[in-house]
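Student: I'd like a close look at a single part of this structure, plus whatever around it helps me read the backbone and the charged pairs. Could you walk me through it?

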Number of protein chains: 2
Amino acid sequence: MEDQLADFRQLLGKVYDLRAAAQLLGWDQQTYMPPGGGPARAQQIATLEQLSHERFVSDEFGAALSAAQHAVADLDPDSDDACLVREVTRLHDRSVRVSSEWVGEFNHQTGLAFEAWVKAKPAADFNSFIPHLKQIVVLRRQYAEFFAPYEHVYDPLIAEFEPGIKTLEVKAIFDDLRPTQVALLREIVERGSDVNDDFLHIDYDDHQQRRFGEEVIRQIGYDFDRGRQDSAAHPFTTEFGINDVRITTRIKTDYMPTGLFSTMHEAGHALYAQGVKQSLDRTPLINGASLGFHESQSRMIENLVGRSLPFWRAYYPQLQQTFPSQLGSVKLQDFYRAINKVKPSLIRTEADEATYNLHVMLRFDLEISMMRGELEVADLPEAWSAKMQEYLGLDVPDHTRGVLQDVHWSGGSIGYFPTYALGNLIAAQLWETIQSAIPDLEQQIANKDFSTLLAWLRENVHQHGGKFKPSDLLQRITGQSLTAEPYTAYLRRKYAEIYQL
Amino acid sequence: MEDQLADFRQLLGKVYDLRAAAQLLGWDQQTYMPPGGGPARAQQIATLEQLSHERFVSDEFGAALSAAQHAVADLDPDSDDACLVREVTRLHDRSVRVSSEWVGEFNHQTGLAFEAWVKAKPAADFNSFIPHLKQIVVLRRQYAEFFAPYEHVYDPLIAEFEPGIKTLEVKAIFDDLRPTQVALLREIVERGSDVNDDFLHIDYDDHQQRRFGEEVIRQIGYDFDRGRQDSAAHPFTTEFGINDVRITTRIKTDYMPTGLFSTMHEAGHALYAQGVKQSLDRTPLINGASLGFHESQSRMIENLVGRSLPFWRAYYPQLQQTFPSQLGSVKLQDFYRAINKVKPSLIRTEADEATYNLHVMLRFDLEISMMRGELEVADLPEAWSAKMQEYLGLDVPDHTRGVLQDVHWSGGSIGYFPTYALGNLIAAQLWETIQSAIPDLEQQIANKDFSTLLAWLRENVHQHGGKFKPSDLLQRITGQSLTAEPYTAYLRRKYAEIYQL
């Protein structure tokens, strides 16, 4: 039995070595690669992904997986091995269902679509992107058919990113959440914008910003012996195993919060990955329970910690010392209000906490309509504009800041967006449980003491990696299934105070 | 026929994508990887190398190679395709001769040997390294047997690095060269060391050194759009294709020449790799004709260009401006003499031009004696000391600065060292041809004009990559086979002037 598991682990390890290598090639592509390296790099990554896929769906691996399934049959279902075999079985079932012809065609079409998008976005030229997006919708419908019968055509898509959740569940949660968020936003906007954040939009030294951010995340618990921070145009976290988890950031010298909160956001992801137990290394379980769960950890560090008043009670004096001419005369309360200023905007990635989910829900609605054939790709901009007006009260001036803004669709990712909003909800739900478990949490944070918080996260979330389905994990930890209430309560409380609602 | 070549190229391309990925993982390991990443990284590289090897020796690849051999049978033997198929055939024959059991055991034993060496070197503890080196000698003898019958047991080893050359040829050249170099060195030492280089051993700013070196190599022709320079403890050049060729350097703030000449040395390698014609990308031909030929390019840029008087006529004023307090009062001639100071030393990597080859010949002699069973591993230090006295007139105070100094043997590399000396010889031999072709070369260099030199190297050396055997390439270019005469003449001329011999 142990031999069978060892064989299985060995074959799986090689698949994951190939994926880790592909990840490193991707990291390098976005950090240090000279421009000339691009074409060869794309080919190298494609080769690694293809070989990793081939090995994963090979007869040899299938046989090893079957043997492993027998070997764990009598184990505690919560044991590492039982969970590993269960999760790999799920991934394997998904991989073998999808034909390799489809995978080839999908990679081909998304390659073309990405190239087209890169040109179309700055030119605000949606027409040239239409045929590509049409192809992608067709391919994604075909993809769903590999998983027929399904309750909802969007189910197999979301399952790629958030295992176990159903489209209708997400829809019910969003339908509940949206009116509350829209109403809150209206209230805030009607109060008028009396929050001044001009002092954030002045010159802040790149190097000093970077050092400050790195000191913060080191104190929270990011381990620089098992990771590093570099610069990237679009910040991300990537791991080549539990002991090499790297983050990237983007410092803006004319808007200080971008770099710091990007660093804290990615550090939240990285704490998750660095906290997975070592016995799960070299397996897919190091990727965590789901994208939504991962996002809960990044948003928790970025927002629930990083945009909170206790955190700034701890760090504001130091920030003032670092930037005396910019912040020396700005009071803590005014700084806190400035970094939490609410302003509906056209761009998702720049959205504040009060508006972010609305951007996500807009995309979720449109993706579903496209997948169900209720919305033609050509009519997408019109639908986008209507929702933008309905949810955020904004007119869309051009496609660059509208339907072409995100990279996701060009890469074939449909079903990904909802995980961003789920992350916010999970974070708030976990936070309520954490606050019960650590009654003086705010005081600890105000003392720059993150040890109890980190220990709790390690114990309850991080160590498990992807052992459990996200819904099961949430139930285990909070005793409840996913709900938007903690999040809406948190938003209400926070903005009621800042905007005196 | 075209289809067969296309299939062959496609399969070969995937093998080389895996190798390029392994190279990038290695580059990262030596530049940016956090300490925690080590163990997983070693495994990832091993997996990539194993898969690349498996694919290369697979029946599928063998069949594609056979088909390609037929397809090129009627082509011009100097055409890209004919050369590619010929060179891949050579590499393939070598790979299939060696049993996979041997490869597994070799990788296992060298892994252990490297770990042992890392500990033994600083402790000067040769005894703990003996069993490992014994194993490696045994394995290398077994390796030679895969290529039986051979003229000399060392032939199959050197063939891994310098195709086509025989041990006895190298020995004849070295036997010819050694007395001349030893005699020259004695003459220099007897003249007494009147060369002052104290001003090189003072503080030079790291950043300024780096910038100066990068400006120099940019002007020589290193293309930073297809490469970059980073720091590494042991500088190296690595390529992930013709359009991404990276160099590393090691700046010492207390000895300026180390960083600059390391940068120029690696840039010499990189110019070769960046200059290979694009049609050879994604094939083993991008690695050049041989290690010796590669070293000829690095030593040419480092020494024949970088340690020459015309070069410093061009760059010394700028260097003085960069480091006015260190060099402002040092005359050009004195600087030139200082960077060419001859001093027999114990460490190969720190050796000057007059002594470098002697370090190589010492190792060549000892490797051959061990391979032939004439020298027991346990007796190696004694033999080392005797040769060190004979060739360089030095006593060896400890194993750290003696038999344990190089990493090569711990990695199983026997037969590699001679390529360093061959590189020096080839460089000087090429240089004579270049001087005939470009009569005013020195004047051009003194004007910072490297365009004619680079164009000549591109046309005659770089573009061909590994299309031709090193001996054939040398013959093509110089009309002669390998000879030490140009090198000894160069050394004599140079040091006669510096030391007024």
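Tutor: Here is a walk along one helix, then its surroundings and some charged pairs. Keep in mind that this is a predicted model.

Let's start with helix 5 of chain B, residues 100–123. How far apart are its end C-alpha atoms? They sit 35 Å apart, and since 24 residues at 1.5 Å a residue should span 34 Å, the two values agree. There is a bend in helix 5 of chain B all the same, about 25° at B:Trp117. B:Trp117 is also one of the buried residues of this helix, together with B:Trp102, B:Phe106, B:Gln109, B:Thr110, B:Ala113, B:Ala116 and B:Ala120. What do those buried residues pack against? Their partner is helix 6 of chain B, residues 126–145.

Right after helix 5 of chain B comes B:Ala124, with a positive phi near 55°. Over in chain A, A:Ala124 has a phi near 55° too, positive although the residue is not a glycine. A:Ala124 belongs to the loop between helix 5 (100–123) and helix 6 of chain A, and it counts as partly exposed because its relative accessibility is 25%. For background, most residues other than glycine have a negative phi, and most peptide bonds are trans.

Go past helix 6 and you hit the other backbone oddity. In chain B, the bond joining B:Ala148 and B:Pro149 is cis, with omega about -5°, and B:Pro149 sits in the loop between helix 6 and helix 7 (155–158). In chain A, the bond from A:Ala148 to A:Pro149 is cis with omega near -5°, and A:Pro149 lies in the loop between helix 6 (126–145) and helix 7 (155–158). One more positive phi to check is B:Lys448, at about 60°. You'll find B:Lys448 in the loop between helix 18 (441–446) and helix 19 (451–460) of chain B, partly exposed at a relative accessible area of 30%.

Back in chain A, look at the surface. A:Phe114, A:Val118 and A:Val407 make a nonpolar patch there, with about 230 Å² of accessible area together. A:Val407 comes from the loop between helix 16 (380–392) and helix 17 (418–437), and its relative accessible area of 36% makes it partly exposed.

Now the charged pairs. Side chains of opposite charge can pair when their charged atoms come close. Over all chains, there are 54 salt bridges. One of them joins A:Arg9 and A:Asp81, at 3.6 Å from N to O. A:Arg9 is in helix 1 (residues 2–31) and A:Asp81 in helix 4 (residues 80–97), so this pair ties together parts 72 residues apart in sequence. A:Arg9 is partly exposed at 24%, and A:Asp81 is partly exposed at 24% as well.

A second bridge, between A:Lys467 and A:Asp80, has an N to O distance of 2.8 Å. It links distant parts of the chain, 387 residues apart: A:Lys467 is in the loop between helix 19 (451–460) and helix 20 (470–478), while A:Asp80 is in helix 4. Are A:Lys467 and A:Asp80 buried or exposed? Both are buried.

A:Arg226 and A:Asp223 pair at 3.0 Å, N to O. Here A:Arg226 is buried, at 17% relative accessible area, whereas A:Asp223 is partly exposed at 24%. Finally, salt bridges with shared partners join A:Lys171, A:Asp175, A:Arg178, A:Asp365 and A:Lys387 into one network.

Definitions and conventions: Residues numbered from 1 in each chain as written. Chains lettered and ligands numbered in written order. Predicted model: local features only at pLDDT ≥ 70, side-chain atom pairs only at ≥ 80, totals over all residues. Heavy atoms only, no water. Patch = residues over 30% accessible without salt bridge, like charges linked within 9 Å, V, L, I, M, F, W, Y side chains within 5 Å. Areas by Shrake-Rupley, 256 points an atom, 1.4 Å probe, with all protein chains shown as cover. Salt bridge = Lys/Arg side-chain N within 4 Å of Asp/Glu carboxyl O. Helix = DSSP H or I, 4+ residues; strand = E, 2+ residues; numbered from the N terminus. Buried < 20%, exposed > 50% of the residue type's maximum accessible area, 1.4 Å probe, protein only. Expected span 1.5 Å × (residues − 1). Bend = angle between axes of the 7 residues up to and from the residue. Contact = heavy atoms within 4.5 Å.
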